[in-house]
Amino acid sequence: MRTLLITGPGGSGRTTIAAATAQRAAAAGTRTLLLGADHTDTLGAALGTGTGPAPAGAAENLTVWRPDAADRFRQDLTAFQSRAANVLNLLGAARLDAEEVTPLPGAQELSFLRALRDAALSERYDLLVVDLPPLPQALPLLALPEELRRYLRRLLPPERQAARALRPVLGRLAGVPMPAEWLYETAARWDMELAAVDAVLTDRRTSVRLVAEPGPAGADAVRAAGLGLALRGLRLESVVANRVLPDTVPDTWLAGLLAQQLKTLAEWQTEHDVHRVPHLGRDPHGADDLDALAVPGVNPAPAPVEWPVTDALAADGVLVWHIPLPGAVRDDLDLIRRGDELVVTAGPFRRIVPLPSALRRCTVAGAGLREGELRVRFAPDPGLWPGAGR
């Protein structure tokens, strides 16, 4: 399945563009699922038909789903209490009833990601269009599966499960109970679920479409989002310039606004695939208005993001890791090697990435930013690299 993630600054019209994109794909005969993250029915307002917690048809070839993350959290907590019954009884804990459970911070995000995974793995659709939250929430949301998996592996390493037969003995020697089997089983299940979500986000057929109004605020948002997406290895498919004024307007304050839009559009076009969507003079509502927006179609085969390692051993004695970071500023970059991982900070964004296997036997020999690409040089470690230093 092809997956298109759509986001943008708050108030940019991203939900309307997501609805129009899904409607256009469905009209072309593509079996499309439109997945929404908003608590309120903003998708229904754009489509002209209500949406809810169960997938429902909105038009031919178009299904809309706005999952109830709070209900999913209640189901998960109830199931967790059942699995951990022995431990809870040992602690004398009182069970929570489903009706008294309210979602904790972060629970709704995890529930939505699981819904995204379920939708992407469905064989009923050819295209999944995801109306993500606004950019300040969308970028951390997209980073969540990878980061949580890293935390789980550090706190409950899978290799420790090999020693589970010794835990009763160790518990008696230490005088404290050791982690129960259910804890490792739960961690393994969470890791598997998070891996499935991460696989959807990093799939070669997944890309991101940014929606923004052309202007100073929109330009800043697109610049920051492009850097954040690149650091996560997510492909920016295109930028939709929303609510663009006609090329000619009366000589009023609209002329100044149009000039501002045209300046931003010219800047975007030097760096991105840009599509203009006209201002209708009203909030789009219903199929006819969505058609009038003339949003771009979905690229069936987006080019993947690559972080290649090139061999410059013969010329310079190093391997070079190429990390595309468009919009990065040299003074805002920071690199730290931690074992077999590289901590990359670019502006307000940070990611901890595992080193490719060949680079784990090397030491960092330097780095440089050139033409929107971070190039990290690695020199073979003579003690780990066969033939190095001879």
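Leu43 has quite a set of partners: leaving aside neighbours within four places in sequence, Leu43 is in contact with Thr15, Ala19, Leu34, Leu35, Gly36, Thr51, Val64 and Asp131. This residue belongs to helix H2, which covers residues 42-47. Leu43 has a relative accessible area of 1%, so it counts as buried, the cut-off being under 20%. Keep in mind that this is a predicted model. Ile17 sits 26 residues away from Leu43 along the chain, and the C-alpha atoms of the two are separated by 9.9 Å.

Now for a residue from helix H1. Thr16 lies in H1, which runs over residues 14-27. Is Thr16 buried or exposed? At 17% relative accessibility, Thr16 counts as buried. Setting aside residues up to four places away in sequence, Thr16 touches Ala46, Pro284, Leu290 and Leu293. One of those, Leu290, also turns up in a nonpolar core described further down.

**The protein as a whole**

Zooming out, the secondary structure comes to 12 helices and 15 strands. The protein has 390 residues, and 44% of them count as buried. Take the contacts between residues at least 6 apart in sequence: 68% of these join residues at least 24 apart. On the outside, the protein exposes about 20,100 Å², with carbon and sulfur atoms supplying 55% of that area.

**Two nonpolar cores**

Which residues touch the most other members of the largest nonpolar core? They are Trp268 and Trp321, in a core of 59 residues. Helix H9 gives the most to this core, with seven residues. There is also a second, separate core of 23 residues, and its members include Leu4, Leu62, Val277 and Leu290.

Back to Trp268 for its full list of partners. Not counting residues up to four places away in sequence, Trp268 touches Ala212, Glu213, Pro214, Gly218, Ala219, Val222, Val239, Ala241 and Val274. Among them, Gly218, Ala219 and Val222 fall within the stretch of H9, residues 216-231.

**How the helices pack**

Helix H6 takes part in two packings covered here, one with H9 and one with H5. Two packed helices are described by the angle between their axes and the distance between the axes.

Start with H6 (residues 135-155) and H9 (residues 216-231): their axes come within 11 Å and cross at roughly 5 degrees. Angles under 35 degrees count as roughly parallel, and that makes H6 roughly parallel to H9. On the H6 side the contact is made by Leu135, Leu139 and Leu142, while H9 brings Ala221, Ala225 and Leu229. What kinds of residues are these? The contact of H6 with H9 divides into six nonpolar, no polar and no charged.

The other pair is H5 (residues 107-121) and H6, which pack at an angle of about 90 degrees with their axes 10 Å apart. With 65 to 115 degrees counting as roughly perpendicular, that makes H5 roughly perpendicular to H6. Here Glu109, Leu110, Phe112 and Leu113 in H5 meet Leu141, Leu144, Pro145 and Leu148 in H6. The residues of this contact of H5 with H6 divide into seven nonpolar, no polar and one charged.

**Loop residues**

Some loop residues deserve a look too. Asn61 sits in the loop between strand E3 (56-59) and strand E4 (62-65). Although Asn61 is not a glycine, it has a positive phi of about 70 degrees. Ala294, in the loop between helix H11 (287-292) and strand E9 (309-312), also has a positive phi, about 50 degrees, and is not a glycine.

Pro296 is found in that loop between H11 and E9 as well. What does Pro296 touch, not counting residues up to four places away in sequence? Its partners are Arg24, Arg209, Val240 and His275. His275 is 21 residues from Pro296 in sequence, and the two are 6.8 Å apart in space, C-alpha to C-alpha.

Here is how the loop residues come out on accessibility:

| Residue | Relative accessibility | Class |
|---|---|---|
| Asn61 | 30% | partly exposed |
| Ala294 | 54% | exposed |
| Pro296 | 9% | buried |

So within the loop between H11 and E9, Ala294 counts as exposed at 54%, whereas Pro296 counts as buried at 9%.

Methods:
Residues are numbered from 1 along each chain as its sequence is written. This is a predicted model: local features need pLDDT of at least 70, side-chain atom pairs count only at pLDDT 80 or more; totals for chains, interfaces and linings use all residues. Side-chain values use heavy atoms; hydrogens and water are left out. Axes are lines fitted to C-alpha atoms, for helices over the stretch in contact, and angles run from 0 to 180 degrees between N-to-C directions. Helices (H or I, at least four residues) and strands (E, at least two) are DSSP runs, numbered from the N terminus. Angles under 35 degrees count as roughly parallel, over 145 as roughly antiparallel, 65 to 115 as roughly perpendicular and the rest as oblique. Contact means heavy atoms within 4.5 Å. Ala, Val, Leu, Ile, Met, Phe, Trp, Tyr, Cys and Pro count as nonpolar, Asp, Glu, Lys and Arg as charged, and the others, Gly among them, as polar. Buried means under 20% relative accessible area, exposed over 50%, partly exposed in between (1.4 Å probe, protein chains only). Accessible areas come from the Shrake-Rupley method with a 1.4 Å probe; for residues, only the protein chains shown count as cover. A nonpolar core is a set of buried Ala, Val, Leu, Ile, Met, Phe, Trp, Tyr and Cys residues joined through side-chain atoms within 4.5 Å.
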